[in-house]
Amino acid sequence: MTFVLGGARSGKSRHAEKLVSAFPAPWTYIATAEAFDDEMRERIEHHRARRDSGWLTLEAPLDLADALARVADGQPVLVDCLTLWLTNVMLAELDVEAETRRLAETISRPRGPWFVVSNEVGLGIVPDNALARRFRDAAGRLNQMVAARADHVLFMVAGLPMTIK
Amino acid sequence: MTFVLGGARSGKSRHAEKLVSAFPAPWTYIATAEAFDDEMRERIEHHRARRDSGWLTLEAPLDLADALARVADGQPVLVDCLTLWLTNVMLAELDVEAETRRLAETISRPRGPWFVVSNEVGLGIVPDNALARRFRDAAGRLNQMVAARADHVLFMVAGLPMTIK
Amino acid sequence: MTFVLGGARSGKSRHAEKLVSAFPAPWTYIATAEAFDDEMRERIEHHRARRDSGWLTLEAPLDLADALARVADGQPVLVDCLTLWLTNVMLAELDVEAETRRLAETISRPRGPWFVVSNEVGLGIVPDNALARRFRDAAGRLNQMVAARADHVLFMVAGLPMTIK
């Protein structure tokens, strides 16, 4: 399992797509995004336009562990991305720790070349509002958990991967 | 062309100045900052005080590609910085994509040792307001574009350069 | 002296504790946190629960240089963390530059294996309010100063250390 971590517009998804495409098709794209508003719809389209055929898309705004369980053995997978999944889990007022643990179990036993994308959000100033601070803490813990279980961890800066594990 | 990327107060400008000064004078400093208010004026003075004679200063809050075109062949150049230039382009309501493309063309054909400084702004929590999100996206795309065209990319952390390309 | 820098929830404290514990006990933990509110109290407890016996705790929300001066020669020390100390110094309206300089002098002459933890806060979007911008600038300058004096500097991402010096 390869964990691709980076900031906004750091080229995470694009780089992860490139890595997945090095394996033979078909590839499974597990999208965690939900098209809440125009801005989000635009972002999703922007991402979708970049991928060509050969991709199967699963939408998993919440049941990410289930979606991964449905993937066939040996199949290349791109999960894009954990940060949106965590947002959805928090908005749905699910138990973040329990959901994180369930995801951790699935992710720590990949059944093929799995690539997981996530945002680093903890390198700015402390946010004003308590919800943003809770999110930042939860995202940091989630990223640590996934990085600990990953075989490879890449940190993307300006489209360039730094290998940190 | 060397791209020096980093956070606020990460020592980007200082490090880039050191790298430029390793070449024989005169050096050209292309400043994108505008002294809008006291805070900005203070920052500009703080930067200026660090540079001694031997520097030619061009002010290019918007016409960065033109300023670069005016630099003599072989001349060492420091562009400080792309993030302020992008801010100016957005505030002036110019076409960000067109301006970015024009800059990319100029920058990808350096006619001497050129050093370009920029801020990484995408590693914090998602900003509340839509303009800040648009800026963050545009800055990320600009940084990726420049990094892709650079011969060397440095990521500054606490005054220390990490070589990422 | 080893400087452990990273974002929120990047595993800085945990990693620094592991490094300190590799030395023989007793270890000195210098806490800069003050339990202002429930959220902060919870964070402090969360940190405390991770450390077992063998640790001596000094509280130094402001007099960090004094606390370090009281540590016996050869004693392993963990300072956690500089960012909270800086917050306290600014809230107490002390002279940030003078306090920073005093700390720099003490820290540049470690009398044992000293580990200093700090947050990187400059990689997000420019904060809206002037106080946050002042804090961000001061934190960046402090981190640069400590990194320049450190024998080793680690940058933590998702629980993984990157050696940058």
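The chat below goes through chain contacts, a shared core and some salt bridges in a predicted model.

Biologist: Before we start, what kind of model is this, and how are things numbered?

Modeller: This is a predicted model, in which local features need pLDDT of at least 70 and side-chain atom pairs count only at pLDDT 80 or more, while totals for chains, interfaces and linings use all residues. Residues are numbered from 1 along each chain as its sequence is written, chains are lettered from A and ligands numbered from 1 in the order in which they are written, and side-chain values use heavy atoms, with hydrogens and water left out.

Biologist: OK, how many residues do chain B and chain C bring to their contact?

Modeller: Chain B brings 24 residues and chain C brings 19 residues, contact meaning heavy atoms within 4.5 Å. The area buried between them (accessible area, with a 1.4 Å probe, lost on being put together and summed over both parts) is about 1800 Å², and carbon and sulfur atoms give 63% of this. On the chain B side, the residues that lose the most area to chain C are Arg9(B), Ala158(B) and Leu160(B), which together account for 32% of what that side buries.

Biologist: Which side chains form the salt bridge there?

Modeller: Arg9(B) pairs with Asp137(C) at 3.1 Å, N to O, where a salt bridge is a side-chain nitrogen of Lys or Arg within 4 Å of a carboxyl oxygen of Asp or Glu. The count between chain B and chain C is 1 salt bridge.

Biologist: And what about chain C against chain A, which residues lose the most area there?

Modeller: That contact takes 25 residues from chain C and 20 residues from chain A, and the two chains bury about 1800 Å² between them. In chain C, the residues that lose the most area to chain A are Arg9(C), Ala158(C) and Leu160(C). A salt bridge joins Arg9(C) to Asp137(A), with the closest N and O atoms 3.1 Å apart.

Biologist: Switching topic, which residues have the most contacts inside the largest nonpolar core?

Modeller: Phe155(A), Phe155(B) and Phe155(C) do, in a core of 114 residues; such a core is a set of buried Ala, Val, Leu, Ile, Met, Phe, Trp, Tyr and Cys residues joined through side-chain atoms within 4.5 Å. Leaving out residues up to four places away in sequence, Phe155(B) touches residues including Phe155(A), Val157(A), Leu123(C) and Phe155(C).

Biologist: Is Ser10(C) buried or exposed?

Modeller: Ser10(C) is buried, with a relative accessible area of 3%, on a scale where buried means under 20%, exposed over 50% and partly exposed in between (1.4 Å probe, protein chains only). Ser10(C) sits in the loop between β1 (2-6) and α1 (12-21) of chain C, helices (H or I, at least four residues) and strands (E, at least two) being DSSP runs numbered from the N terminus. A polar atom of the Ser10(C) side chain lies 2.8 Å from the backbone oxygen of Gly7(C).

Biologist: Back to salt bridges, how many are there over all chains?

Modeller: The count comes to 16 over all chains. One of the pairs is Arg111(A) with Asp73(A), at 2.7 Å, N to O. That pair links distant parts of the chain, 38 residues apart, and Arg111(A) is partly exposed at 29% relative accessible area, whereas Asp73(A) is exposed at 63%.

Biologist: Where do Glu99(B) and Arg102(B) lie?

Modeller: Both lie in helix α5 (residues 96-107) of chain B, and because they are 3 residues apart they are separated by about one helical turn. Their closest N and O atoms are 3.7 Å apart in a salt bridge, with Glu99(B) buried at 17% and Arg102(B) partly exposed at 33%.

Notes:
Polar contact = N/O pair within 3.5 Å; in protein donor to acceptor, adjacent residues only side chain to side chain.
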